[in-house]
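This report walks through side-chain contacts and one sheet. Salt bridges come first, then a buried glycine, aromatic rings and strand pairing.

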Amino acid sequence: MSLLLPFQGKVAQNYCVTIEFAFQENEIKLLTAEIERLKNFGCLGVSPSLEGLRDENTKLKYRLNFLKKSLQEERSKSTKSMININSCLQEIFGAAIQAAYPDLENPPLVVTPSQQPKFGDYQCNSAMGISQILLKTREQKVIPREIADKIVKNIPANECIEKVEIAGPGFINVHLRKDFVSKQLSSLLINGVQPPPIAKRKKVVVDFSSPNIAKEMHVGHLRSTIIGESMCRLFEFAGYDVLRLNHLGDWGTQFGMLIAHLQDKFPDYLTVSPPIGDLQAFYKESKRRFDTEEEFKKRAYQCVVLLQSRNPDFIKAWNLICDVSRREFQKIYNCLDVTIIERGESFYHEMMKDIVKEFEDKGFVQVDDGRKIVFVPGFPVPLTIMKSDGGYTYDTSDLAALKHRLFEEKGDILIYVVDSGQSVHFQTIFAAGQMIGWYDPKVTRVAHAAFGVVLGEDKKKFKTRSGDTVRLIDLLEEGLKRAMDKLKDKERDKVLTPEELKAAQTSVAFGCIKYADLSHNRLNDYVFSFDKMLDDRGNTAAYLLYAFTRIRAIARLANIDEQMLRKAAREEVLVLDHEKEWKLGKCILRFPEILQKILEDLLLHTLCDYLYELATTFTEFYDSCYCVEKDRQTGQIVKVNMWRLLLCEATATVMAKGFDILGIKPVQRM
Amino acid sequence: MGEARNQLRWADGKTIKNEVDLQVLHLLGPKTEADLEKKPKVRLETWMVFSCDMGTETQSLLEQLRGEALKFHKPGENYKTEGYVVTPNTMALLKQHLAITGGQVRTRFPPEPNGILHIGHAKAINFNFGYAKANGGVCFLRYDDTNPEKEEEKYFTAIREMVEWLGYQPYAVTHASDYFDQLYTWALELIRRGQAYVCHQRVEEIKGHNPPPSPWRDRPVEESLLLFEDMRKGKFGEGEATLRMKLVMEDGKMDPVAYRVKFTPHHRTGDKWCIYPTYDYTHCLCDSIEHITHSLCTKEFQARRSSYFWLCNALDVYCPVQWEYGRLNLLYTVVSKRKIIRLVETGAVRDWDDPRLFTLTALRRRGFPPEAINNFCARVGVTVAQATMEPHLLEACAREVLNEQAPRAMAVLEPLKVTITNFPAPKALEILVPNFPADDSRGFHKVPFHQTIYIEETDFREVRQDYTALTPGATACAAEAWQHWKRCCGRVIELEVTCTKSDAAEKPKAFIHWVSEPLACEVRLYERLFLHKNPEDPSEVPGGFLSDLNPDSLRVVHNALVDSSVRSARPFDKFQFERLGYFSVDPDSKEGKMVFNRTVTLKEDPGKA
């Protein structure tokens with residue numbers, strides 16, 4: 001028994017120790033777990049907002065990716081639209097530059113069509129600009145070639161670039177893929193000329209033509225009418241919602257004397273419509289009386305007051321006078337194929353009171369010698385919004401029109417096609433509109449599409465020999481006469497039927513007048529010359545119209561009708577192996593980028609230049625590539641090169657659309 | 001022994017109304033090679049204490065599902081179901097449906113792969129797979145993975161594993177996302193038919209009672225088509241646009257949402273979509289695509305029955321029949337994913353498969369045999385009434401199965417060393433013990449018997465009156481035998497005893513378990529995790545379920561001893577440790593240190609009922 005004791009004591013001790021160990025071990029485990037848990041928990045607890053932001057960031061990234069994908073999808077899906085190759089390339093290079101120089105803010109992105117085939121089809125010239133930026137902002141000296149190399153290495157996968165080369169100091173020459181160009185041409189033939197897709201159907205308000213009642217339209221109005229109409233057509237084609245407004249001068253003080261004179265000359269005007277044939281003579285007469293007869297002048301002022309207070313008899317008289325003018329204007333609009341809605345100054349009359357009040361309420365108005373004037377920062381001449389006699393001015397009516405177009409019409413783009421002489425006036429009006437908070441130029445585009453004056457061949461202001469302003473209607477008639485002379489010169493009257501001849505005459509006459517105007521940079525003054533515009537060589541409508549009918553005739557002469565062309569467009573691959581075919585193909589596809597540029601700078605002569613280039617490129621092609629091969633002896637058709645006929649067709653389609661935008665009506669034969 | 005066997009017969013169970021007979025061998029004396037007392041003393045105990053609405057007879061699940069009780073329609077006779085909407089196209093569609101299925105019953109188990117399956121799902125699995133099986137049909141396992149935010153790979157595999165663990169083999173494993181393209185095409189069609197529109201009401205606006213009707217309800221079809229396209233392209237932010245169906249649901253809810261924008265990649269479709277269909281839109285159409293005959297779902301979906309029929313008919317596609325059954329709830333636990341996450345986060349349980357939980361993985365880990373779970377489901381029945389069950393019913397089912405399945409072994413949780421001073425052999429004896437005492441044909445295992453053995457400390461009492469212990473091997477220890485005892489830390493730490501052949505001694509009052517030359521092991525004993533029946537019920541537990549945790553829900557015995565016969569057991573192997581309960585090998589077991597979970601005690605703790 002006593003022997004057993006120590007042994008058993010030891011066992012017991014061991015046993016206890018083991019238990020203790022086990023407990024301690026367990027304790028340690030638990031504590032370690034607790035620490036881990038607190039660590040994690042602490043982390044989560046410190047900033048749940050961080051977690052939230054991270055989640056949001058992940059989601060935004062996902063969405064960004066998704067939108068990019070959708071954009072790609074939309075682009076490739078909307079094959080109906082023509083692709084703007086230039087902006088495609090800009091995007092590709094934009095992405096490449098972004099990838100190569102992610103820290104660079106607003107790096108220059110320059111992509112242009114190459115001038116010579118050896119420099120590829122397009123070139124990207126951003127490397128030089130980036131080199132300068134790096135030097136200026138970071139004092140890094142990197143040669144442009146290196147930058148170009150880095151950009152090239154970062155070009156993302158795309159469907160249009162065949163290859164790129166770096167040339168000269170750092171130009172990146174881009175060669176387009178033949179199959180890409182070919183595919184785009186096929187799509188053009190199948191779907192017709194479709195504008196590049198726009199993000200949102202924006203509203204455009206174009207203010208153009210805008211003659212004065214009781215005065216003849218002159219060549220100055222001609223420019224506004226032609227340019228405005230063409231701009232409207234362009235925006236409409238691009239998918240915008242266009243409102244064409246004729247801001248008639250129909251509410252001035254001249255109506256006082258006109259009505260007073262009317263009352264004297266046709267006392268029963270309220271019941272019998274007065275036969276005013278020559279409104280201009282009527283105007284001159286009343287003006288003479290206004291200047292010479294004191295009594296008449298007084299009455300004229302009373303008439304203004306009564307008219308502005310909307311006295312029915314005076315409104316009637318006013319309407320009578322306006323109608324005479326309207327009829328005259330409409331004749332011209334019909335000739336020029338112009339569509340426009342009349343919304344003259346009188347329309348805004350009631351709003352002007354509120355405009356003055358608004359400027360007063362916001363504290364912009366100063367009273368100067370009885371007049372209410374508004375100074376606009378940056379403009380030395382103030383706007384007069386109310387005369388000392390309480391009357392309103394052009395400033396007031398233009399402000400009212402601006403506000404109405406912004407708030408009632410909800411225009412996203414407002415364009416004023418008015419001569420350059422009124423530049424300062426409009427810039428002041430626009431600045432006043434911004435100052436009072438009507439619009440933000442970053443959101444809404446309000447532009448004065450100014451144009452220069454029309455000069456005679458003597459480079460002086462365009463006048464008749466007697467020194468009078470040239471009446472527009474006379475000018476158009478002379479155009480018709482001259483066009484006919486030209487056609488007869490060319491003995492076209494022997495080839496064409498009388499109807500065809502007549503169609504050719506109007507097409508040439510009005511086409512040439514419009515084209516001559518549009519083909520010059522609108523900002524410059526331009527010399528009006530019938531001889532030049534009717535010349536069938538050079539950049540004229542006559543040349544283009546002639547080229548166009550010739551292209552259309554090619555297929556006809558090969559006995560290929562429209563249906564066969566359509567079928568071929570679906571089945572035939574447009575081979576672009578010949579250098580001239582390639583050049584023509586690329587030229588045709590530049591149409592969308594030309595339109596895009598005009599939508600931005602509103603300079604329509606670019607379109608004319610393009611059409612001229614297209615026509616000459618076509619001629620080059622036609623001179624070196626047989627479309628239809630004929631037996632020399634018999635004249636029998638041996639072979640029809642369908643893909644070339646398709647190129648002709650594509651050229652003609654684009655030209656037709658170009659003409660349409662310019663307001664020129666081509667004819668089948670001339 | 002013969003008498004005992006007699007009593008253990010299943011025939012005996014028949015007489016016990018309403019329930020299993022759990023027969024517990026309370027004490028069991030092992031056999032020795034020596035001619036020892038063979039007849040174990042058996043205490044027979046029966047139990048049956050539940051109050052749930054279970055019908056008078058417990059039929060097997062298959063019997064129930066085969067039975068007449070179910071008023072389910074025959075395949076192709078969908079129109080015979082009350083409330084089924086018949087359109088001019090219905091008959092043609094049903095004909096087509098029969099041609100495709102050949103008249104086979106088709107069901108599906110459609111879990112959302114956003115959490116672990118729990119005991120409630122076991123009913124759905126049993127019902128769907130069971131009904132198909134009972135009628136010679138097939139059952140799909142379809143992951144309802146329309147919500148990309150919640151899905152994780154681990155859930156997909158875990159769900160499949162659990163279905164198979166319960167003994168079912170899906171006819172095909174499909175995903176709602178397999179049908180995203182088809183669902184999208186149908187959405188376009190629904191818009192074209194004027195039955196759906198793009199809406200810009202915010203979630204907050206259409207929540208709650210009587211939300212204002214959508215001002216976009218009557219927008220032109222073309223507009224909706226364009227806007228839906230914009231949704232698909234990512235042009236709308238989350239919540240800025242939804243596609244809604246033009247119908248009023250049973251509960252008055254107007255125009256349920258069919259598609260919503262989510263800038264989240266999907267587990268299976270990657271970044272293909274940023275719009276995802278809702279349950280309301282997806283479910284019936286997936287059923288239609290798979291030509292499900294009986295779309296079984298829990299009663300909460302009754303309110304969506306009309307939208308189910310409406311949508312299939314709005315698109316003129318085959319329309320299955322939705323049947324609802326009562327949900328299975330269990331007391332003293334929580335099953336929602338969110339709550340379990342809280343439990344895991346706060347350390348109240350170790351993980352999703354902590355054996356105190358009632359997820360299926362937890363039940364498996366605790367040692368519940370799948371048969372027990374299936375039987376449990378069968379007992380709950382497929383009635384429409386919602387069944388809220390006490391966990392002890394599930395435990396009873398487990399005992400029933402484990403009694404048949406778990407071989408015997410002995411373990412000692414709180415060892416007290418006993419030295420037999422008059423041990424008759426120079427070295428350890430080997431004793432053959434039957435795996436199942438009631439049935440010798442199921443084999444024997446060897447247990448060493450040595451001079452040193454260990455018994456439960458609680459089986460020894462110093463005070464004579466209380467002391468009713470018997471040493472094993474039928475060696476009776478009279479009170480006089482306790483000649484020596486030692487004290488350490490105020491407790492008895494070792495005994496020295498003598499042994500006597502059982503036939504030579506007076507009849508022992510009881511038998512106790514023991515181990516000799518044992519393995520050390522860890523044993524985890526579990527109690528309920530929560531103190532109250534409905535820990536989620538604020539009137540019962542105002543402090544929230546986390547305040548209701550039972551502090552004694554887990555007791556870990558670090559230095560338990562188990563007989564060496566279990567040495568080669570694998571995780572999830574099950575044993576009945578004599579007198580202690582049914583145990584299962586935990587996957588935490590390592591070489592040299594086995595871990596056992598107690599699944600259930602041998603008999604129901606009267607305190608729990």
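Over all chains, the structure holds 81 salt bridges. The model is a predicted one. Three of its bridges are set out here.

| Pair | N to O distance |
|---|---|
| A:Lys153 and A:Asp149 | 2.8 Å |
| A:Asp337 and A:Lys665 | 3.7 Å |
| B:Arg304 and B:Asp280 | 2.9 Å |

**Salt bridges in chain A**

A:Lys153 and A:Asp149 share helix 5 of chain A, residues 144-153. They are four residues apart, about one turn of the helix. A:Lys153 has a relative accessibility of 64%, so it counts as exposed. A:Asp149 is partly exposed at 32%.

A:Asp337 and A:Lys665 have their closest N and O atoms 3.7 Å apart. A:Asp337 sits in the loop between helix 11 (312-336) and strand 7 of chain A, and A:Lys665 in the segment after helix 23 (642-662), so this salt bridge ties together parts that are 328 residues apart in sequence. A:Asp337 is partly exposed, with a relative accessible area of 28%. A:Lys665 is exposed, at 52%.

Which residues are linked with A:Asp337 and A:Lys665 in a network of salt bridges? The other members are A:Glu229, A:Arg233, A:Glu236, A:Arg244, A:Lys657 and A:Asp660.

**A salt bridge in chain B**

The side chains of B:Arg304 and B:Asp280 meet at 2.9 Å, N to O. B:Arg304 lies in the loop between strand 8 (294-298) and helix 11 (305-314) of chain B, while B:Asp280 lies in helix 10 (residues 279-289), so the pair joins parts 24 residues apart in sequence. Accessibility separates the two partners. B:Arg304 is partly exposed at 27% relative accessibility, whereas B:Asp280 is buried at 9%.

**A buried glycine in chain A**

Strand 7 of chain A also borders the loop that holds A:Gly344. That loop runs between strand 7 (341-342) and helix 12 (349-361). Is A:Gly344 buried or exposed? Its relative accessibility is 3%, so A:Gly344 counts as buried.

Which residues does A:Gly344 touch, leaving aside those up to four places away in sequence? They are A:Asn246, A:His247, A:Leu248 and A:Asp250. A:Trp251 is 93 residues from A:Gly344 along the chain, and their C-alpha atoms are separated by 7.8 Å.

**Aromatic rings**

A search of the whole structure gives 42 aromatic pairs over all chains. One of them is B:Phe575 with B:Phe596. A pair of rings is described by the distance of the centres and the angle of the planes. For B:Phe575 and B:Phe596, these are 6.4 Å and 70°. The cut-off for edge-to-face is over 60 degrees, so this pair falls in that class. B:Phe575 belongs to strand 23 (residues 574-577) of chain B and B:Phe596 to strand 25 (residues 594-600), so the pair ties together parts that are 21 residues apart in sequence. Both B:Phe575 and B:Phe596 are buried.

Chain B also has an aromatic cluster. Its members are B:Phe180, B:Tyr184, B:Phe228, B:Tyr259, B:Trp273, B:Tyr276 and B:Tyr281.

Charges meet rings in both chains. In chain A, the charged end of A:Lys150 sits over the ring of A:Tyr101, 4.6 Å from the ring centre. In chain B, the charged end of B:Arg528 sits over the ring of B:Tyr332, at 3.8 Å from the centre.

**A parallel sheet in chain B**

Strands pair through backbone hydrogen bonds, either parallel or antiparallel. Which pairing does the open sheet with the order 1-2-3 in chain B have? The pairing of these three strands is parallel. Strand 1 (106-109) and strand 3 (172-175) stand at the edges with a single partner strand each, so one side of each has no neighbour in the sheet. Neighbouring strands are turned by 35° against each other on average, direction ignored.

Strand 1 and strand 2 (residues 138-143) of chain B run parallel and are joined by four bridges. B:Arg108 has B:Phe140 as its bridge partner in strand 2. B:Phe109 has B:Leu141.

In a regular strand the side chains alternate between the two faces of the sheet. Strand 1 of chain B is covered on both faces. B:Arg106 and B:Arg108 are on one side, B:Thr107 and B:Phe109 on the other, and all are buried.

Technical notes. Residues numbered from 1 in each chain as written. Chains lettered and ligands numbered in written order. Predicted model: local features only at pLDDT ≥ 70, side-chain atom pairs only at ≥ 80, totals over all residues. Heavy atoms only, no water. Phe/Tyr/Trp six-rings, centres within 6.5 Å; stacked < 30°, edge-to-face > 60°. Helix = DSSP H or I, 4+ residues; strand = E, 2+ residues; numbered from the N terminus. Buried < 20%, exposed > 50% of the residue type's maximum accessible area, 1.4 Å probe, protein only. Lys NZ or Arg CZ within 6 Å of the ring centre and 35° of its normal. Contact = heavy atoms within 4.5 Å. Salt bridge = Lys/Arg side-chain N within 4 Å of Asp/Glu carboxyl O. Pairing = 2+ DSSP bridges. Axes fitted to C-alpha atoms, helices over the stretch in contact; angles between N-to-C directions.
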